[in-house]
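Colleague: I have just opened this model and would like you to walk me through how its parts pack together.

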Amino acid sequence: MRDQAEQLRRKLASASYAKEAKTIAVTSGKGGAGKSNLALNFSLELLKREKRVLLFDLDVGMGNIDILLGLSADKTIVDMFAEDLPIHEIIEKGPRGLAYIAAGSGLNDLFTMDADKQDYFFMQYDQLVHLYDYIIFDMGAGVTPDSLTLITACDECLVVTTPEPTSITDAYGIIKHIVTSRPGLPVSVVMNRVSTVKRGKQALERFYRVVKQFLAVDVYKLGVLPEDRTVSNAVIRQIPYILLDEKAAVSKAVKQLADHYLTEPAESPKQPPASFVQKLKQLMMEGK
Ligand SMILES: Nc1ncnc2c1ncn2[C@@H]1O[C@H](COP(=O)(O)OP(=O)(O)OP(=O)(O)O)[C@@H](O)[C@H]1O
Ligand SMILES: [Mg+2]
């Protein structure tokens, strides 16, 4: 009896080990919508729920996860290519054991690199997919043809917007871009910096309806985050806000977001699953 239980436990452990990480691209139409803070604090919340998370800073403009953490990364993704380092050597450790990869400057060369470098990236990346439950990419604002390739290779996309009309319009634009390029990709939306939860939910609902009506896409309403001074205090102190003040309104809201995410995950794509690397390779070939 005991042997059987032990065997079952081993099987389950190896099955979960073999599972591939879910890849999530965090993006926004307009800059400064709150992507990096959300990606970081959401990752920390997932870690608290014993999920294995890798936060990958791929903001080609101004990667700054390490700055938000008050840590200076020894190595970045750019060094990986420059020095042919194995990917595990550029993974840094943050609070709660958060694994993260810093962006480094010159990251925009990532997609224009030669075939050998691309192969090297794929080979390295492949080593990570069984080690994590979630790989979260902080993608920066807007899309370039290259970042679109990466976003659409992910399993899901999380679009952050604020209720401001300019942010909303740009979020709509980016979703249009993404779903035109990869119909069926699950898209979640977070409405950030809302004045009250009620107004925020209303804004999210309006946005949902517009996207549904004009793009025929059912985005997943992941939730709202309040405008809270704790965020800028946390940025200044270089401590993630849920660690600085877990009782702050924004910290409570991000906890709810993580609960919501884990209990009602975005609908999985209709097409048969392909790995992130398979999809990325295919998309890069299409672009040639
Ligand atoms: N919920 C919030 N309440 C108050 N201020 C916020 C909130 N979210 C973000 N901010 C403010 O917006 C700033 C930008 O946030 P963040 O760096 O996360 O945005 P971003 O979308 O990653 O920006 P970028 O496009 O430059 O990468 C923060 O430094 C903070 O001052
Ligand atoms: Mg950012």
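Helix packing, sheet and ligand

Modeller: I would start with helices H2 and H11, since H2 passes H11 in a right-handed crossing (clockwise turn of the near helix from the far one, by less than a right angle; anticlockwise would be left-handed). Helices (H or I, at least four residues) and strands (E, at least two) are DSSP runs, numbered from the N terminus. This is a predicted model, in which local features need pLDDT of at least 70 and side-chain atom pairs count only at pLDDT 80 or more, while totals for chains, interfaces and linings use all residues. Residues are numbered from 1 along each chain as its sequence is written, and chains are lettered from A and ligands numbered from 1 in the order in which they are written.

Colleague: At what angle do H2 and H11 cross, and which residues make the contact?

Modeller: The axes of H2 and H11, the latter spanning residues 249–263, cross at roughly 60° and come within 9 Å (axes are fitted to C-alpha atoms, over the stretch in contact for helices, with angles from 0 to 180 degrees between N-to-C directions). H2 and H11 are therefore oblique (under 35 degrees is roughly parallel, over 145 roughly antiparallel, 65 to 115 roughly perpendicular, the rest oblique). On the H2 side the contact is made by Asn41, Phe42, Glu45 and Leu46, and on the H11 side by Val254, Lys255, Leu257 and Ala258 (C-beta atoms, placed from the backbone, within 7 Å). Sorted by class, this contact of H2 with H11 has 5 nonpolar, 1 polar and 2 charged residues (Ala, Val, Leu, Ile, Met, Phe, Trp, Tyr, Cys and Pro are nonpolar, Asp, Glu, Lys and Arg charged, the others, Gly among them, polar).

Colleague: Moving on to H6 and H7, are they roughly parallel or roughly perpendicular?

Modeller: The axes of H6 (residues 145–153) and H7 (residues 165–181) come within 10 Å and cross at roughly 65°, and that makes H6 roughly perpendicular to H7. Their crossing is right-handed, with Leu148, Ile151 and Thr152 of H6 in contact with His177, Ile178 and Ser181 of H7. The residues of that contact divide into 3 nonpolar, 3 polar and no charged.

Colleague: And what about H7 with H8, how are the classes split there?

Modeller: H7 and H8 (residues 197–215) pack at an angle of about 40° with their axes 11 Å apart, which makes H7 oblique to H8, and H7 passes H8 in a right-handed crossing. The contact is made by Ile168, Tyr172, Ile175, Lys176 and Val179 of H7 and by Phe207, Val210, Val211 and Leu215 of H8. By class, that contact has 8 nonpolar, no polar and 1 charged residues.

Colleague: New topic, the sheet: what is the strand order?

Modeller: It is an open sheet of 8 strands, in the order S3-S4-S2-S5-S1-S6-S7-S8, with mixed pairing (strands pair if DSSP finds at least two bridges between them). S3 (92–93) and S8 (220–226) stand at the edges with a single partner strand each, so one side of each has no neighbour in the sheet. S1 (residues 22–28) and S6 (residues 156–161) run parallel and are joined by 4 bridges.

Colleague: Which residue of S6 is the bridge partner of valine 26?

Modeller: The partner of valine 26 in S6 is leucine 158. H6 packs on the sheet, touching S1, S5 and S6, and its direction makes about 155° with that of S5. H7 also packs on the sheet, touching S1, S6 and S7, and the direction of H7 makes about 165° with that of S6.

Colleague: Last one, how many residues surround ligand 1?

Modeller: There are 21 (C-beta atom, placed from the backbone, within 6 Å of the molecule), and the closest are Gly31, Gly34, Lys35, Ser36 and Asn37. H2 (35–48), S5 (134–141), S7 (187–194) and H9 (229–237) each supply at least two residues of this shell, which by class has 7 nonpolar, 9 polar and 5 charged residues.

Definitions and conventions: Two residues are in contact if their C-beta atoms, placed from the backbone, lie within 7 Å.
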